[in-house]
Amino acid sequence: MTAIEDLVHRVAAKARATTTTLPPTASAEEVASAEAALGFPLPPLLASLYREVANGGYGPDYQLLPLVGPGRTALSEYQSERSASARDKTPCWPAGVLPILDWGCAMYAAVDCLSETATVLLFEPNAIDEDGATAWFVDAESLAGWLETWLTGTGWYREDAHEHDDVAQPTPWQHAAARIAG
C-alpha cells in the first residue's frame, strides 16, 4: 500500500466515523471533466479523495466542498473567485488554487494544484489591503500534512487550539503576489 493509499484509507475511515451521511464518490469521468473545466489537473491525493472517499461532505469543521454536482462546488467556487478577481481593482485569486473548504466569513481552505506538494492555503479576505496577496497564508505545506492535522485533531481551527503551543499557525504565502500577477 502506498502512502497516498494509506492516507486515503484513514481519511475514509474517519469520514465514515464522523459523518452521518457521506455523498457518493465522484466518478473518474466527473473528475476528468472538472479538471478540463479548471484547466489543470487535481493533485493525485485530492483526486483520490473525491473518487474514493466521497464527493465532499467530510473533513475539518465545515467539511470539504463537493468537486462537482448541484449547488456550491469546488469547481463553481473556483470559477466564481477567478472571475470576480479578474474584474476587481485588487485581484486576489491566483490561477490553479482550488477552494476545497469554506470556513465561513468568506474564508477558504484552498489547494495550490500547481505545487508539487499540493500546498494548502488559507484565504482570509479580511487581511486584504491594497495588495490581494496579503489575504493568502500557508496552512500546510502539503495536502497530506493538512489531512494529518485533521486525523490527529491538531489543526489551528480547533476550538481549544489557542491553549496548545504545538499547533502550527498559518504563515503568509510568499508566492501569492507573483501567482496573482501571473
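## A walk from sheet to helices

Start by selecting strand 1 and strand 2 (residues 107-112): these two run antiparallel and are joined by 6 bridges. You're looking at a predicted model, by the way.

Now zoom in on Gly-104. Which residue in strand 2 is its bridge partner? Pick Met-107 and you've found that partner.

Next, bring up the whole sheet. Its 5 strands follow the order 1-2-3-4-5, the pairing is antiparallel, and the sheet is open. Colour strand 1 (97-104) and strand 5 (171-172), because these stand at the edges: each has a single partner strand, so one side of each goes without a neighbour in the sheet. What holds such strands together? In general, strands of a sheet pair through backbone hydrogen bonds.

Keep the sheet on screen and add helix 5 (residues 143-152). Which strands does helix 5 lie across? Select strand 1, strand 2, strand 3 (120-123) and strand 4 (136-140) to see them. Against strand 1, helix 5 runs at about 20°.

Now hide all that and head for helix 1 (residues 3-18) and helix 3 (residues 44-52). Their axes come within 10 Å and cross at roughly 40°, so helix 1 and helix 3 are oblique to each other. The crossing of these two helices is right-handed.

Last stop: show side chains where the two helices meet. On helix 1, pick Ile-4, Leu-7, Val-8 and Val-11. Facing them on helix 3 are Pro-44, Leu-45, Ser-48, Leu-49 and Glu-52. Colour this contact by class and you'll get 7 nonpolar residues, 1 polar and 1 charged.

Notes. Residues numbered from 1 in each chain as written. Predicted model: local features only at pLDDT ≥ 70, side-chain atom pairs only at ≥ 80, totals over all residues. Heavy atoms only, no water. Axes fitted to C-alpha atoms, helices over the stretch in contact; angles between N-to-C directions. Helix = DSSP H or I, 4+ residues; strand = E, 2+ residues; numbered from the N terminus. Parallel < 35°, antiparallel > 145°, perpendicular 65-115°, else oblique. Left-handed = near helix turned anticlockwise from the far one by under 90°. Contact = heavy atoms within 4.5 Å. Nonpolar A, V, L, I, M, F, W, Y, C, P; charged D, E, K, R; others polar. Pairing = 2+ DSSP bridges.
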